[in-house]
Amino acid sequence: MTEKLEVVGHSERRVDGSSLVTGKPVFVADLPERSGTLYLALKTSPHAHARIRSIDTSRAEALDGVALVLTHENTPDKRYTTAGQGYPEPSPHDARMFDSKVRFVGDRVAVVAADTIETARAALELIEVDYEPLEPVLSIDAALAEDAPLVHDEPCPDAWRPEENIAAYSEAAAGDADAGLAASHTTVDVTVETHYGQHAPIEPHVVSSYLDEHDRLVLVSSTQVPFHARRIIAHLLEVPVHRIRVIKPRIGGGFGVKQEVLIEDLLALTTLRTGRPATMIYSREQEFHASRTRHPMRIRVRLGAGADGVLQAIDMDVLSNTGAYGTHSLTVLSNVGSKTLPLYNLAPDVRFVGRAVYTNLPVGGAYRGYGATQGQYAMEVAIDQLAEALQMDPLELRSINHIRTGGTSPIFRELGEGREGVEQTISSCELPACIEIGADRIGWATKRGRRHRDGSWVHGIGMSVHMQGSGIPLIDMASASIKLNDDGSINLTVGATDLGTGSDTVLGQIAAEVLGLPLSKVIVTSSDTDLTPFDVGAYASSTTYVSGRAVQRAAEDVRGQLTAAAAEMLQADPVELELGGERVTAPDGNSVTLEKIALRALYGTNQHQIAATASAVPESSPPPFIASFAEVAVDTDTGRIRVVDYVVAADCGTAVNPKLAEGQIEGAVANGIGYALSEDLAIDAQGRARGIDFGRYKIPATLDLPQIETILVDSYDPTGPMGAKSIAEIGINAPLPTIANAVHDATGIWLTESPFTAERVWRALRALDGQPT
């Protein structure tokens, strides 16, 4: 792409940067408190599995200052899902606001609304609950055992087989995987297990609610999905959609956990019942044990290849632990295959089978990477094992087999997100350049296999390659509206949700580029179901690609209106006019400013509002690609892993804002390093999460992280806005396999269970040496 861009492709300052760094009240909890606000406190189950024989709230209700107590006895019994996804929701409707059966430690029992948070918490202690403990299901194997207790013994028609503790099932096939494996020259068989991880956003879940001057319900929420939240609350509480408004201010991190409509219903019902404003903020402990997690999984991958290294067969079998409820169970499960298998598209024989099982453990949900993190860990470790079996360089094996521009895979069609997918052809892929550049920067040729020692520390390097997606084709939809103001500036309104990624800035840059404006002349308003057009929200790496296309279309429409108006003013052919530098210029050099065009349209001749609304529904989902490289040092005395250096080379198409793109990659990699090495909820034998604060759930701090070098490789996708694809999720998928492969290079052990704690590494080293562990 040789077109010169003035705004897109430049690291413009974030449109919300000043308010954020100066501490302006831009988050939900910062906003002015409304008179008469009620404060909500939540009582949760201490049992992993139990029935509530009885619940007595009379003493709590009698406490001075208590306005409302909600339990299963006085709330709607309608079943729904908290997963904020498209309509109809692909997750099973297996939850109630409150239930007479609790299914995990942290499940809802009651909520109190009171004049102060201290009163609400005191009232919780006065609620008397008589539980009948039930045998809990605390592992995948226990869930699938014959005569296992049923997590959901009530009718649940849209779960796959709840009578077998199976929430969701997914399969896809091309050719005959068994025959392909049998005919292969070399095969490997790898099983990996991934663990519970929590999103740990700086800002926990927080929602405020009130009735406006027309008695409409307003929810101000730190949500990633305002329009989905409105629809789900309307359904659950049987309130017309037009009587609900959802506003999303700034968000202090989401990473997928705020794709869940988790507490909005409690605030909504409280305000509707009492007529008073209400607010609720999850504690950090509640965020860990009562919100959502990454689905733990057991994944088996079998690969078969010819002597030349060309893959002949891939077989992937997945068991996913969805926890007590099936939120995102089907779509995360499907993504394990759909975001992994097409990367190696030469194999003619491919099979994917997956089951998501119910347990009495914390609930899985949307988490950055969304199944690809788990699937690509298994696949990329298996690829390295295959390379070793073939005595090939892992770089060479991947280069032989990975998908390229113009390539396709039957898995695109066979395996969508919860339903059949869409046929796709790769419209851009600079993965070869990513591999070459990343290998050079990490020193692959000089360091691989050398096992450099420094006392008890031994060094190794590893790599992996990855693809993701850019929205969900033929499902995701985004809209944008633009109107011209008197001074030539524009208002851009989008339903897209900026959860800290900088999407307001990126979308503003796209509009500015099309309309020949500086970003400072673009006023961006987002995420208000009353004021902004529809958007599915921030998930599936959709915002830049899907919402960006809607913005570009709206801007091109406005551009056409501007040049038509300027043609009348300049007495010129609109086709010959150039728009740029805040003016429209004719071939003879005469020009007119956008301000003069606006004033004429609003106050002068042929008065009208220059404006446009446009929508985008993608027919494809062009994947970004990365090549990930790490150098690690392993202490053979203690098993401790230290990541010494990390390099990521990425193909995201046109980087609309390079600094923001680099920040997304680096943040995702840091997130992934923490998940690989130290972050663990540590569920105990009673099903209780132990890692429920930052003292025990060990997120890496700056000093714990290596230098992360990010290279944005030149690329352009013809289907994307200004050639852009997504970038926000893909980086988190890389550290698990990259580090595991680097540890193998250093020590010879294969790490197939996460996290890679010092104890786990130490035991593997002793086992490799034939010593007792």
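## Exercises on strands, helices and domains

In this predicted model, Val494 has Ser526 in β20 as its bridge partner.

**Exercise 1.** Which strands form the open sheet that contains β20, and in what order?

Solution.
- Start from the pair β19 and β20: strand β19 covers residues 490-494 and pairs with β20 in the parallel sense over five bridges.
- Extend to the whole sheet: four strands form an open sheet, ordered β20-β19-β18-β24, and the pairing is mixed.
- Find the edges: β20 (522-526) and β24 (611-616) are the edge strands, each pairing on one side only.
- Add the twist: on average, neighbouring strands of this sheet are turned by 15 degrees against each other, direction ignored.

**Exercise 2.** Which strands of this sheet does helix α16 touch?

Solution.
- Locate the helix: α16 spans residues 543-570 and packs on the sheet.
- List the strands: α16 touches β18 (478-484), β19 and β24.
- Compare directions: that of α16 makes about 150 degrees with that of β24.

**Exercise 3.** At what angle do α10 and α11 pack, and which residues meet?

Solution.
- Take the geometry: helix α10 (residues 372-390) packs against helix α11 (residues 394-401) at an angle of about 110 degrees, and their axes are 9 Å apart.
- Classify the angle: because 65 to 115 degrees counts as roughly perpendicular, α10 is roughly perpendicular to α11.
- State the hand: the crossing of α10 and α11 is right-handed.
- Name the residues: from α10 come Glu380, Ile383, Asp384, Leu386, Ala387 and Leu390, and they meet Pro394, Leu397 and Arg398 of α11.
- Sort them by class: the contact of α10 with α11 has six nonpolar residues, three charged and no polar ones.

**Exercise 4.** Why is one side of β4 and of β6 left without a neighbour in the sheet?

Solution.
- Write the order: three strands make an open sheet, β4-β2-β6, with antiparallel pairing.
- Look at the ends: β4 (101-102) and β6 (128-133) stand at the edges and each has a single partner strand, so one side of each lacks a neighbour in the sheet.
- Check one pair: β2 (residues 50-56) and β4 run antiparallel and are joined by two bridges. Within this pairing, Arg51 stands opposite Lys101 in β4.

**Exercise 5.** How many residues of domain 1 are in contact with domain 3?

Solution.
- Set the bounds: domain 1 is 17-24 + 477-616, domain 2 is 33-134 + 203-252 + 258-289, and domain 3 is 297-472 + 620-768.
- Give the separation: the centres of domain 1 and domain 3, taken over C-alpha atoms, are 38 Å apart.
- Read the contact: 19 residues of domain 1 are in contact with 19 residues of domain 3.

Note on methods: Residues numbered from 1 in each chain as written. Predicted model: local features only at pLDDT ≥ 70, side-chain atom pairs only at ≥ 80, totals over all residues. Heavy atoms only, no water. Pairing = 2+ DSSP bridges. Axes fitted to C-alpha atoms, helices over the stretch in contact; angles between N-to-C directions. Contact = heavy atoms within 4.5 Å. Parallel < 35°, antiparallel > 145°, perpendicular 65-115°, else oblique. Left-handed = near helix turned anticlockwise from the far one by under 90°. Nonpolar A, V, L, I, M, F, W, Y, C, P; charged D, E, K, R; others polar. Domains from an automatic or database assignment.
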